[in-house]
Amino acid sequence: MLSFCHEKASAQTTIHTVRKGDTLWKIGKQYGVSLLELKKINKRTNDVLYVGERLTIPPSISAYEKDLLARLVHAEAKGEPFAGKVAVATVVLNRVDHPHFPDSIKEVIYDRSGGYYAFTPVQNGTINQPPSAEAYRAVEEALAFRGLGSGSLYFYNPKTAKSNWVRSKQVTVVIGNHVFAK
């Protein structure tokens with residue numbers, strides 16, 4: 001007998017039937033949605049799941065946006081620890097969710113201010129290089145934990161950053177060669 005763990009509820013939502021070993025984090029990672037969104041759409045106040053329970057899965061980002069974000073992560077954080085790659089992806093997602101930035105991953109990545117792109121790989125073309133498998137994993141992790149971090153909106157390498165403006169921002173975390181700030 002075949003069993004399916006998910007079915008389409010509509011054009012934009014999916015229903016997931018909880019299986020043994022499932023957690024909200026694993027389900028979020030599987031579908032590329034955040035824990036907060038999973039809890040919100042399913043009116044959850046805790047993380048307890050029951051086998052056979054049906055969860056509504058909110059829409060995720062498109063495959064194009066996931067690939068674009070992975071290419072940015074690859075170009076920006078090549079050689080950085082995995083946590084740094086996740087943090088770079090998180091900065092982009094935080095900007096999408098913030099009222100002072102554009103509302104989509106593509107618009108945030110290609111955003112320009114004062115004639116300059118927000119991200120160096122867009123300016124120098126390295127965003128066009130294929131991403132690593134680790135960059136894709138970092139994007140999945142950032143999506144699963146979307147909205148749960150420290151709110152970083154910026155990052156920079158203190159050895160190469162020339163902007164005093166970005167250095168004036170409140171530091172949230174330092175990972176590898178990057179300083180993250182808000």
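# Exercises on a predicted model

The structure holds seven salt bridges. The model is predicted, and the exercises below work through some of its contacts, cores and surface residues.

## Exercise 1. A salt bridge between two helices

Task: Find where Lys29 and Glu141 lie in the chain, and decide whether each is buried or partly exposed.

Solution.

Step 1. Start with the pair itself. Lys29 and Glu141 form a salt bridge in which the closest N and O atoms are 3.4 Å apart. The cut-off for such a bridge is 4 Å, so 3.4 Å qualifies.

Step 2. Place the two residues. Lys29 belongs to helix α1, which covers residues 24-31, and Glu141 belongs to helix α7. The two residues are 112 places apart, and the pair links distant parts of the chain.

Step 3. Read the accessibilities. Lys29 has a relative accessibility of 26% and is therefore partly exposed. Glu141 has a relative accessible area of 16%, so this residue is buried. The limit used here is that buried means under 20%.

## Exercise 2. Two further salt bridges

Task: State which residues pair with Arg44 and Lys85, and explain why the Lys85 pair ties together separate parts of the chain.

Solution.

Step 1. Recall the principle. Side chains of opposite charge can pair when their charged atoms come close.

Step 2. Take Arg44. Its partner is Glu53, with 2.2 Å between the closest N and O atoms. Arg44 counts as buried because its relative accessibility is 16%.

Step 3. Take Lys85. The side chain of Lys85 meets that of Glu134 in a salt bridge, at 3.3 Å from N to O. Lys85 sits in helix α4 and Glu134 in helix α7, so this pair joins parts that lie 49 residues apart in sequence.

Step 4. Compare with the accessibility limits. Lys85, at 5% relative accessibility, is buried. Glu134, at 27% relative accessible area, is partly exposed.

## Exercise 3. The nonpolar cores

Task: Describe the largest nonpolar core, and name the helix that gives the most to this core.

Solution.

Step 1. Recall the principle. In soluble globular proteins, nonpolar side chains tend to be buried together.

Step 2. Count the members. The largest nonpolar core has 29 residues, and those touching the most other members are Leu69, Val73, Val92, Ile105 and Ile109.

Step 3. Find the sources. At least two residues of this core come from each of α3 (63-77), α4 (82-97), α5 (105-109) and α7. The helix that gives the most is α4, with eight residues.

Step 4. Look at one member. Setting aside residues up to four places away in sequence, Val92 touches Leu69, Leu72, Ile105, Val108, Ile109 and Phe119.

Step 5. Note the other core. A second, separate core has 10 residues, including Val18, Ile27, Tyr31 and Val33.

## Exercise 4. Two residues in one loop

Task: Phe145 and Ser152 lie in the loop between α7 and β6. Decide for each whether the residue is buried or partly exposed.

Solution.

Step 1. Place the loop. Phe145 is found between α7 (133-144) and β6 (154-156), and Ser152 lies between α7 and β6 as well.

Step 2. Classify Phe145. Its relative accessible area is 33%, so Phe145 is partly exposed. Together with Leu36 and Leu148, Phe145 forms a nonpolar surface patch with about 240 Å² of accessible area.

Step 3. Classify Ser152. Its relative accessibility is 8%, so Ser152 is buried.

Step 4. List what surrounds Ser152. Beyond residues up to four places away in sequence, Ser152 touches Thr90, Val91, Asn94, Thr172, Phe180, Ala181 and Lys182. With one of these, Thr172, there is a polar contact between side chains at 2.5 Å.

## Exercise 5. Asn46 and Asp111

Task: For Asn46 and Asp111, give the loop and the contacts of each residue.

Solution.

Step 1. Place Asn46. This residue lies in the loop between α2 (35-41) and β3 (54-57). With a relative accessible area of 36%, Asn46 is partly exposed.

Step 2. List its contacts. Apart from neighbours within four places in sequence, Asn46 is in contact with Leu24 and Lys39. A polar atom of the Asn46 side chain also lies 3.0 Å from the backbone nitrogen of Val48.

Step 3. Turn to Asp111. This residue is in the loop between α5 and β4 (112-113), and its relative accessibility of 25% makes Asp111 partly exposed. Not counting residues up to four places away, Asp111 touches Pro102, Tyr116, Tyr117 and Ala118.

Terms used. Residues numbered from 1 in each chain as written. Predicted model: local features only at pLDDT ≥ 70, side-chain atom pairs only at ≥ 80, totals over all residues. Heavy atoms only, no water. Patch = residues over 30% accessible without salt bridge, like charges linked within 9 Å, V, L, I, M, F, W, Y side chains within 5 Å. Areas by Shrake-Rupley, 256 points an atom, 1.4 Å probe, with all protein chains shown as cover. Helix = DSSP H or I, 4+ residues; strand = E, 2+ residues; numbered from the N terminus. Buried < 20%, exposed > 50% of the residue type's maximum accessible area, 1.4 Å probe, protein only. Polar contact = N/O pair within 3.5 Å; in protein donor to acceptor, adjacent residues only side chain to side chain. Contact = heavy atoms within 4.5 Å. Core = buried A, V, L, I, M, F, W, Y, C linked by side-chain atoms within 4.5 Å.
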